[in-house]
Amino acid sequence: MNENTNYGYKKTGSSKFVIVAPHAAGDDLKSGFIAKKLAQELNAYLVVNKFYKKPNNSQALKNPHQVEDFNELTWSEKKEKYLWSKKNPVMKEFFQDIEKFSYQAKQFSSNNKALIIYIHSFTSDHIGIDIGAGAKHHNFSNKIFGSLYHKEKGDNHGKITLPINLIKKIKKELEKKVKIKYNLTTTVGYQYSGWSRQSAVQFHCHEGRNDYSIQFEISQHLRRSKSDLDYTIQILTETIKKYL
């Protein structure tokens with residue numbers, strides 16, 4: 001049963017997976033629904049923000065006390081830690097619950113690592129799913145690099161949040177299934193690499209944490225109808241069970 005929180009709701013699981021929807025209040029459409037259904041399929045822990053919108057949301061001004069981007073943390077290079085004083089206090093509660101669930105989920109893992117999965121949605125004409133794990137393809141080749149070696153890293157210094165061999169297998173599996181039904185590609189970091197330490201997916205490999213994390217950006221083509229959503233949840237469930 002879901003437990004209501006100041007940011008939305010959470011649910012205890014019985015597997016190594018923690019499913020998170022940071023923008024389910026109206027920014028990433030259907031991300032909360034996908035996260036909830038995916039958690040059911042995986043017996044996963046679940047954390048969903050359903051109240052706090054991003055600052056650029058058209059509805060943000062109507063409830064200014066409920067404005068915060070839950071996928072944009074504040075990292076201090078000097079102190080080498082996350083700073084919560086610059087964020088809405090509820091956002092700290094959100095990540096404390098994720099951290100607590102991540103710790104609990106370790107008991108179901110063979111390698112003492114929880115696996116945190118972030119669900120987002122975005123708009124693209126040619127991409128079905130974009131995978132974020134602190135890495136990015138190099139010129140659409142099969143080569144994947146993190147911020148340490150990629151020429152486009154800029155000021156980003158986040159870590160790769162999942163072994164590259166697993167990222168490649170997940171990408172290949174999803175691309176096959178998305179290509180067949182929608183004739184869309186699956187990419188790694190094309191739209192959202194997740195290699196900034198301000199990104200939520202990076203939270204799990206800093207400040208002494210040592211878990212795996214990944215984010216799935218789901219395009220509008222895979223969210224348009226109930227059958228599309230059912231298929232999206234199905235292929236994500238199958239791929240996660242197979243490789244993670």
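This is a short talk on a predicted model: its sheet, the strand in the middle of my story, and its empty spaces.

Hi everyone, some ground rules before we start. Because this is a predicted model, local features need pLDDT of at least 70 and side-chain atom pairs count only at pLDDT 80 or more, while totals for chains, interfaces and linings use all residues. Residues are numbered from 1 along each chain as its sequence is written, and side-chain values use heavy atoms, with hydrogens and water left out.

Let's begin with the sheet. Helices (H or I, at least four residues) and strands (E, at least two) are DSSP runs, numbered from the N terminus. Two strands pair if DSSP finds at least two bridges between them. With that, eight strands make an open, mixed sheet, ordered β1-β2-β4-β3-β7-β12-β8-β11. At the edges you find β1 (3–4) and β11 (185–188), each with a single partner strand, so one side of each has no neighbour in the sheet. The partnership of β8 (residues 127–132) with β11 is parallel and runs over four bridges, and there I127 stands opposite T185.

Now the helices. Contact here means heavy atoms within 4.5 Å. Axes are lines fitted to C-alpha atoms, for helices over the stretch in contact, and angles run from 0 to 180 degrees between N-to-C directions. Helix α1 (residues 31–42) lies across β2 (8–11), β3 (17–21), β4 (45–49), β7 (115–122) and β12 (212–219), at about 170° to β3. Helix α2 (residues 89–105) also packs on the sheet; it touches β2, β3, β4 and β7, and makes about 170° with β4.

My favourite strand is β7. How many of its residues are buried? Eight of the eight are, so β7 is largely enclosed by the rest of the structure. Buried means under 20% relative accessible area, exposed means over 50%, and partly exposed is in between, with a 1.4 Å probe and protein chains only. In a regular strand, side chains alternate between the two faces of the sheet. In β7 both faces are covered, with L115, I117, I119 and S121 on one side and I116, Y118, H120 and F122 on the other. β7 pairs in the parallel sense with β3 over four bridges, where V20 has Y118 as its bridge partner. With β12, β7 is again parallel, over eight bridges, and I119 is matched there with F216.

On to the empty space. Working on a 1 Å grid over the protein atoms alone, a cavity is a set of points where a 1.4 Å probe fits but cannot get out; a pocket is an open set with protein on both sides within 12 Å along at least five of seven lines; and lining residues have an atom within 4 Å of a point. Grid points are joined across faces, edges and corners, and a volume is the space filled by probe spheres set on the points.

The largest pocket holds about 410 Å³. Its lining has 20 residues, with H23, K54, N71, Y192 and E217 nearest the centre. β7 gives the most to that lining, with three residues.

What about cavities? The whole structure has one of 30 Å³ or more. The largest cavity offers about 40 Å³, lined by F51, K53, Q59, A60, N63, Q66 and V67.

Last stop: H206, in the loop between β11 and β12. This residue is buried, at 6% relative accessible area. Beyond neighbours within four places in sequence, H206 contacts W75, Y82, G158, K159 and R197. Thanks for listening!
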